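I opened the notebook to write down what I looked up in this structure. The entries follow the order of the search.

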Amino acid sequence: MRFILGFLGFMLLNGLAYGRTHYYDFVLKEATFTRLCTTKTMLTVNGSFPGPTIQVHRGDKVYVNVHNQGNYGVTIHWHGVKQPRNPWSDGPENITQCPIKPGTNFTHEVILSDEEGTLWWHAHSDWSRATVHGAFIILPAVGTIYPFPTPFAQQTIVIASWYKGDLKTIIDEALAVGRAPNLSNAHTINGQPGDLYPCSKESTYRLLVEQGKTYLLRIINAVMNEEQFFGIANHKLTVVGQDGAYIKPVTTDYIMITPGQTMDVLVTTNQSPNYYYMASSPFIDSIVAGDNTTTTAILQYKGNYSRPSNISFPNLPSVADEAATANFTNQIKSLVSKSHPINVPKNITQHLYIAIAINQIPCPENETCQGPNGNIIAASLNNVSFESPKIDILQAYYRSLSGVFDRDFPSFPPNFYNFTGNMTGISAFTATGTKVKMLNYGDAVEIVFQGTNMGAAENHPMHLHGYSFYVVGTGSGNFNNKTDPKSYNLIDPPLVNTVGVPKNGWTAIRFIANNPGVWFIHCHLERHASWGMDTVLIVKNGKTKATSIRSPPAHMPSCS
């Protein structure tokens with residue numbers, strides 16, 4: 001059975017003939033923007049915020065030549081694109097490549113397989129993704145149609161963060177003294193903060209629509225550190241896709257979308273011609289402070305009428321409404337049809353149980369640290385806080401270079417305790433290291449992510465590069481490996497690349513390890529990733545050339 005599932009997955013990843021080939025030029029450069037009454041320069045792609053949209057069809061191939069005219073090295077990641085056998089173009093810094101240095105360029109070969117819907121791209125170096133990101137739209141393959149009535153039009157909605165300060169300075173200064181980084185000053189919709197922020201009303205984003213039409217909104221959460229609720233006043237949302245895969249339609253007043261996630265949403269303009277607020281407000285279920293501000297845009301009907309003095313506002317859940325979050329996310333199920341089948345692994349050969357925690361690292365002697373108890377704030381998976389190596393792990397693995405990483409990332413927490421209970425007497429300190437988990441080609445993998453009450457419990461959006469995975473179960477408290485699997489959904493679980501692990505709860509995912517390569521796995525709350533809530537899965541080659549990592553391109557960015 002494992003071979004059959006692996007073969008089916010391999011065919012999905014590798015057996016599709018390439019469609020059309022597309023070429024894009026991305027120029028990383030500083031550009032000047034004025035928001036919130038102040039002007040700043042920041043790193044962008046092609047001078048725009050958000051960056052340019054890539055639009056292709058399922059099964060196409062894309063070459064993106066990234067020219068770095070900025071001030072420091074950067075990499076670009078194609079979030080949700082599986083890149084079959086091609087980790088060389090996946091992008092995370094010092095995981096699959098070294099940074100593209102200023103004054104140089106690197107051409108990514110982005111290989112699409114079974115992805116269909118909305119994905120996105122973003123920088124994967126330091127905190128540069130805050131300003132370097134954009135949509136990656138994958139239309140149905142030529143000659144095929146959507147699994148729902150074709151919408152009248154489509155529009156991308158990118159929810160993002162705005163910082164008045166310089167992003168690299170913000171994170172570098174925080175890491176240097178071991179404290180939490182500054183909060184963002186605003187959230188934005190398509191680059192604009194909206195009417196509720198100072199100096200912003202004149203530039204609020206507006207979506208002009210016709211009455212009686214259905215629009216496809218491609219919603220991307222590019223926010224740095226906050227999950228988001230989103231809704232439109234007086235309009236229902238019908239969610240039909242998530243993370244580049246279709247789901248059974250879910251009609252709702254709001255969505256909850258974590259950083260890293262994308263959703264395809266149908267909206268029918270069935271109200272009287274008027275202005276209606278679109279709004280996005282944060283979901284923050286932690287004692288840790290977040291950017292608790294609301295960004296707005298306007299859904300504006302075409303027609304001859306006066307702008308209303310009061311614009312209707314959507315009724316979004318409160319900032320810490322965990323029940324509203326669960327009520328929405330628990331409705332997401334895979335579409336499952338003849339044109340869009342699924343293959344959920346049943347016979348698991350590789351089990352991982354990964355505890356997620358906020359920790360501390362002792363402050364070095366003769367230094368002053370500003371983290372908890374005068375220590376350095378850190379984060380970990382199975383009590384290992386990830387340390388980024390000096391050269392990329394992919395190169396070290398492919399060329400058998402020693403001393404770059406260790407192959408002993410633990411499959412289970414080194415110490416078992418009541419993960420979601422009282423932490424009194426439990427050490428908050430974590431080990432550090434560059435540890436990876438090795439998987440055999442064709443392994444049927446189950447990972448249970450266990451949230452903990454260590455440090456500050458909260459929802460963690462976990463993202464896996466190189467794969468989509470099935471979310472077969474989720475629950476509160478500590479995972480019970482005897483009883484909880486009995487409630488797994490193995491019929492129509494959602495197929496995603498990023499999943500929210502609930503505060504003091506657990507989430508179980510499954511996939512077939514049929515994409516050989518070096519694949520990053522990390523929390524998509526940027527502060528947690530910066531603190532070490534990351535690890536790497538290395539999927540070994542299969543027995544044939546067609547099940548092995550491709551040869552590297554002739555010119556990878558230099559690590560020297």
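Entry 1, ground rules. I count two strands as paired if DSSP finds at least two bridges between them. Helices (H or I, at least four residues) and strands (E, at least two) are DSSP runs, which I number from the N terminus. The model is predicted, so I note that local features need pLDDT of at least 70 and side-chain atom pairs count only at pLDDT 80 or more, while totals for chains, interfaces and linings use all residues. Residues are numbered from 1 along each chain as its sequence is written, and side-chain values use heavy atoms, with hydrogens and water left out.

Entry 2, strand E7. I looked up the partners of E7. E5 pairs with E7 in the antiparallel sense over four bridges, and Trp78 stands opposite Trp121 in E7. E7 also pairs with strand E8 (residues 133-139), again in the antiparallel sense, over six bridges. There Trp121 stands opposite Gly134 in E8. Is E7 buried or exposed? I take buried as under 20% relative accessible area, exposed as over 50%, and partly exposed as in between (1.4 Å probe, protein chains only). Seven of the seven residues of E7 are buried, so the strand is largely enclosed by the rest of the structure.

Entry 3, a sheet of five strands. I found an open sheet with mixed pairing, in the order E11-E19-E18-E13-E16. Strand E11 (206-209) and strand E16 (255-257) are at the edges with a single partner strand each, so one side of each has no neighbour in the sheet. For angles, axes are lines fitted to C-alpha atoms, for helices over the stretch in contact, and the values run from 0 to 180 degrees between N-to-C directions. On average, neighbouring strands here are turned by 25° against each other, direction ignored. E11 and strand E19 (residues 295-301) pair in the parallel sense over four bridges, and Leu208 stands opposite Gln300 in E19. I then looked for what packs on this sheet, with contact meaning heavy atoms within 4.5 Å. Helix H3 (residues 322-329) does, touching strand E13 (227-232), E16 and strand E18 (275-283). The direction of H3 makes about 95° with that of E16.

Entry 4, a sheet of six strands. I read the order as E10-E9-E12-E17-E14-E15; this sheet is open and its pairing is mixed. Strand E10 (186-189) and strand E15 (245-252) stand at the edges, each with a single partner strand, so each has one side without a neighbour in the sheet. The average turn between neighbouring strands of this sheet is 25°, direction ignored. Strand E14 (residues 237-242) and E15 run antiparallel and are joined by five bridges. Gly241 has Tyr246 in E15 as its bridge partner.

Entry 5, salt bridges. I use the rule that a salt bridge is a side-chain nitrogen of Lys or Arg within 4 Å of a carboxyl oxygen of Asp or Glu. By this rule I get 15 salt bridges. I looked up three of them and one network.

- Arg58 and Glu116 meet at 3.2 Å, N to O. Arg58 is in the loop between strand E3 (54-57) and strand E4 (61-68), Glu116 in the loop between strand E6 (105-111) and strand E7 (117-123), 58 residues apart. Arg58 is partly exposed at 21%, whereas Glu116 is buried at 4%.
- Asp114 and Lys82 meet at 2.9 Å, N to O. Asp114 lies in the loop between E6 and E7, Lys82 in the loop between strand E5 (76-79) and E6, 32 residues apart. Both Asp114 and Lys82 are buried.
- Glu210 and Lys302 have their closest N and O atoms 3.5 Å apart. Glu210 lies in the loop between E11 and strand E12 (214-221) and Lys302 in the loop between E19 and H3, so the pair ties together parts 92 residues apart in sequence. Glu210 is partly exposed at 29%, and Lys302 is partly exposed at 42%.
- Lys61, Glu109 and Arg550 are joined into one network by salt bridges that share partners.
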